[in-house]
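User: Got a model open here and want to talk through how it is put together. Can you walk me through it?

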Amino acid sequence: MPANIGRRKFVEVVSEFSIGIALIAEIILFSQFSQYFFTAENLLNISLQASITAIIAAGMTFVILTAGIDLSVGSLVAFAGIIATTVIKINVPVYLSLSLGILAGLLFGVFSGFIAGIFVTKFKITPFIVTLALMTIWRGASFVYTEGRPVWELPEAFSYLGGGRIIGVPVPTVIMMIVFITSHIVLTKTRFGRYVYAVGGNLEAARLAGIKTNKILISVYIISGVLSALAGILLASRINSGQPNAGLMYELDVIAAVVVGGTSLFGGRGTIIGTFLGAMLIAVLRNGLNLLNVGSYVQQVIVGLVILLAVLLDQIRKK
Amino acid sequence: MNNLLEMRDIMKHYPGVLALDKVSIDLKMGEVHCLVGENGAGKSTLMKVLSGAVTKDSGEIFINDEKVEFNSPSESQVMWIKIIYQDFKLVPELTTAENIFLGREIRNSFFLNKKEMNIKAAETISQLGEEIDVTLTINRLSTAERQMVEIAKAIVGNVKILAMDEPTAPLTSKEIKNLFEVIRKLKEKEVGIIYISHRLEEIFEIGDRVTVLRDGKLVHSSEIKEVDKNQLIKLMVGRELAGEYPRNKAEKGDEILKVENLSSDKINDISFSLYKGEVLGIAGLVGAGRSELVRAIFGADKITSGKIFINDKEVRINSPKEAIDSGIALLTEDRNLLGLFMNMSIRENISVSILSKMMNGLFISKQKENSSVQKQFDQLKVKAPSIETSVESLSGGNRQKVVLARWLETNSNILIFDEPTAGIDVGIKFEIYNLINNLAEEGKGIIVISSELPELIGISDRIIIMCEGRITGVLSHEGANKEKILNLATKFSSPEGMHSQKVKHAS
């Protein structure tokens, strides 16, 4: 029943559709210039490269839907990776240390998100400032704790997470898919998801409609924290070390993916599918430009232009 | 006299609706031309076409017999056309004076001349009979004061054509009197005024001519003397309404809600009871603490002391969620700001408070949600293509129905309606009165706040009158009249004193 598609739904469908078209156009374009581009191996490679930012972007989508922002994600990647690798090095059977390490990293993500949520809700400080402070704190803590040196000499088994494959598909890609499918279901099918949109659309109306708005807000920062920590652990596994400068400036790539995906920074509008397409659009662009031997400085300029173009098109279409 | 303004055969389509169908109106100098019609009749659209905020599909606009085309509000302002919209266009963080001179600041070469602007702004405000400190930011003013600032902004400097869309909705009767004085002065200055209001009494008091729109068509235009109120209502709704206020026939039952010595920052030592099947009205001036009282009961504002009993059992309510769980519903004033999620569909707006009843395990059951939303949608006769329509595209009355539907679905036993008919046309008002009576007949307890006294007297079984955060009297339906209520509502202060009180309340 196309007539029954509401305006919001329609806008979102169009938004996802047009990013999808842009993505396909991009893929066709690069296929023309590079034989290697459209091969299974390269596409899997793109998904692997995209996975870390994409996983964080899924969490960021929840936060931005409530009209918030989480700038602490990049630093969280570093500190969660350091915590996880440090715990993994303790002298217990390897599977126990691995589980404990991963758990510790994820719990740190919960902790950081909870702190952010408390400052945003109870102390009414704007998310930008709260997470800016956390960004600086966790980055600094990463360097203080490691004294600037990476955490090395990790057990062989740990590298499976970031480097292994399941039926040919990189493990981070599989984890990314699980994260996106779960997030999509949570946002579209559950009460929590509906409340996230409501809180982002009109906070006071949400409270007066009986929604525990503080609980929702704290939850989205925890989701963002946990997914950033997960990304941090995957990254540590890929580079086989806990690096204090890991995830530097990731917050910008992540926010770009979410915004290119059509989510409004004012809250209440956006989808997780959009974020996925946004993250892929940027990853495909980077990969294609690499294959065409475009230098990394020029790449930065091009990626920036594409972000501008994408949000511009989104804005024009909404009118 | 020449036509100051003529709009000829204006057409405007919106997706799925013909908002204006060949509407022609004219305006002479020094005349008040009233525009009436139900919500969605096309009045506001016509004003937006005039200002250039909305582009017409076809038709012509003439000013002093010269054809004009406006593509944006700034172009129409050059011709001294000013429009006061229903929803405020003030910047909350700027001061009153800064808002009044927004976009045409007075400057000494490069720098702003704040002193001069403050003086001129204060002059204009006092012309309106108000006393507002023009150096206060807008967010510290009450709704009524903001409306006055909006009017001041329109009349400061030069104005030839002034259109007002529901200017009196947030005003008290004293403020309305002042506004009418200003309108009369503007008439003497040969300003042409287009006046839109749902309050028909006002139209007969201030209008020279009246034009009625219905479903985008012009159905009547004449001198105001040639029609009476009943004829106008009939023209607006296209049918006759039986009796102005339907009476509640429910029998008064047991006490359902008791409030004892309730106090908060804004209310002081409030005690009253509400009974099953009763419609209890709360009257008072703007700032008397009516909304604050019901917000405190609903857990939206903090209580400093006092007790609340439901069915003789003491309850502690710390949040709206707990209030809803205890069977209380609050339809807030200002549905756009406090009630609706504009980016969401009708379905999502209705179901938001009752999702816990629609779960299928972890997930929202589409089927349960659709069926209960559809039921309310049909029963309340919401005018929209479907429950998936965005609420943003609905008219005021239909938006109110959506919020009403939400609260009806919660099945609460105590329903509080704060200004349920503000800015709503006669037809839907009537539906809301009937709905309130039906709820009372089901044995629910109803509290209604309204600034429209005839309405409040008409529908209430009992009326509590508040002044400065306290209850100053209780009247029965039979014993209540406008004068008694106004006396009690101003008990603590002379009219002048009330003003300082209001400013204090706002800050």
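User: Which residue of β22(B) does Leu280(B) stand opposite?

Analyst: Leu280(B) faces Ile447(B) in β22(B). Keep in mind that this is a predicted model. The two strands involved, β15(B) and β22(B), run parallel and are joined by four bridges.

User: And how does the chain get into β22(B) from β21(B)?

Analyst: It goes through helix α15 (residues 426-441) of chain B, and this β-α-β crossover is right-handed. β21 (residues 414-418) and β22 (residues 445-449) of chain B are themselves parallel, with five bridges between them. One pair to look at there is Ile414(B) opposite Gly445(B).

User: Is β22(B) buried or exposed?

Analyst: Mostly covered: five of its five residues are buried. Gly445(B), Ile447(B) and Ile449(B) point one way, Ile446(B) and Val448(B) point the other way, and all are buried. That fits the usual pattern, where side chains in a regular strand alternate between the two faces of the sheet.

User: What's the full strand order of that sheet?

Analyst: β18-β21-β22-β15-β23-β24 in chain B: six strands in an open sheet, with mixed pairing. β18 (328-331) and β24 (470-476) of chain B each have a single partner strand, so they stand at the edges, with one side of each left without a neighbour in the sheet. From one strand to the next, the twist averages 20°.

User: Which helix lies across it?

Analyst: Helix α9 (residues 290-297) of chain B does, lying across β15, β18, β21, β22 and β23 (462-467) of chain B. Its direction is at about 145° to β22(B).

User: Switching to the core. Which residues have the most contacts inside the largest one?

Analyst: Ile55(A), Ile56(A) and Ile416(B), in a nonpolar core of 243 residues. The helix that gives the most to this core is α10 (residues 213-238) of chain A, with 16 residues.

User: What does Ile416(B) touch, leaving aside its neighbours within four places in sequence?

Analyst: Val294(B) and Phe298(B), the run Ile328(B), Ala329(B), Leu330(B) and Leu331(B), plus Ile447(B). You've met Ile447(B) already, as the residue opposite Leu280(B).

User: OK, how is chain B split into domains?

Analyst: The domain assignment gives domain 1 (3-237), domain 2 (241-327 + 413-507) and domain 3 (335-411). For domains 1 and 3 of chain B, the C-alpha centres lie 33 Å apart.

User: Now β9(B): what covers that one, one face or both?

Analyst: Both faces of β9(B) are covered. Ile161(B), Ala163(B) and Asp165(B) are buried on one side, and Leu162(B) and Met164(B) on the other.

User: Which strands is β9(B) bridged to?

Analyst: β6 (residues 81-84) of chain B is joined to β9(B) by four bridges, and β10 (residues 192-196) of chain B by five. Both pairings are parallel. On the β6 side, Ile83(B) stands opposite Ala163(B). On the β10 side, Ile161(B) has Gly192(B) as its bridge partner. The route from β9(B) to β10(B) passes through helix α6 (residues 173-188) of chain B, as a right-handed β-α-β crossover.

User: Last one, the A/B contact. How many residues are in it?

Analyst: 28 residues of chain B are in contact with 24 residues of chain A. On the chain B side, α10 (320-325), α11 (335-339) and β20 (363-364) each supply at least two residues. The largest share, three residues, comes from α10(B).

Methods. Residues numbered from 1 in each chain as written. Chains lettered and ligands numbered in written order. Predicted model: local features only at pLDDT ≥ 70, side-chain atom pairs only at ≥ 80, totals over all residues. Pairing = 2+ DSSP bridges. Axes fitted to C-alpha atoms, helices over the stretch in contact; angles between N-to-C directions. Contact = placed C-beta atoms within 7 Å. Buried ≥ 20, exposed ≤ 12 C-beta atoms within 10 Å, placed from the backbone. Right-handed = clockwise from strand over helix to strand, strands pointing away. Core = buried A, V, L, I, M, F, W, Y, C linked by C-beta atoms within 7 Å. Domains from an automatic or database assignment.
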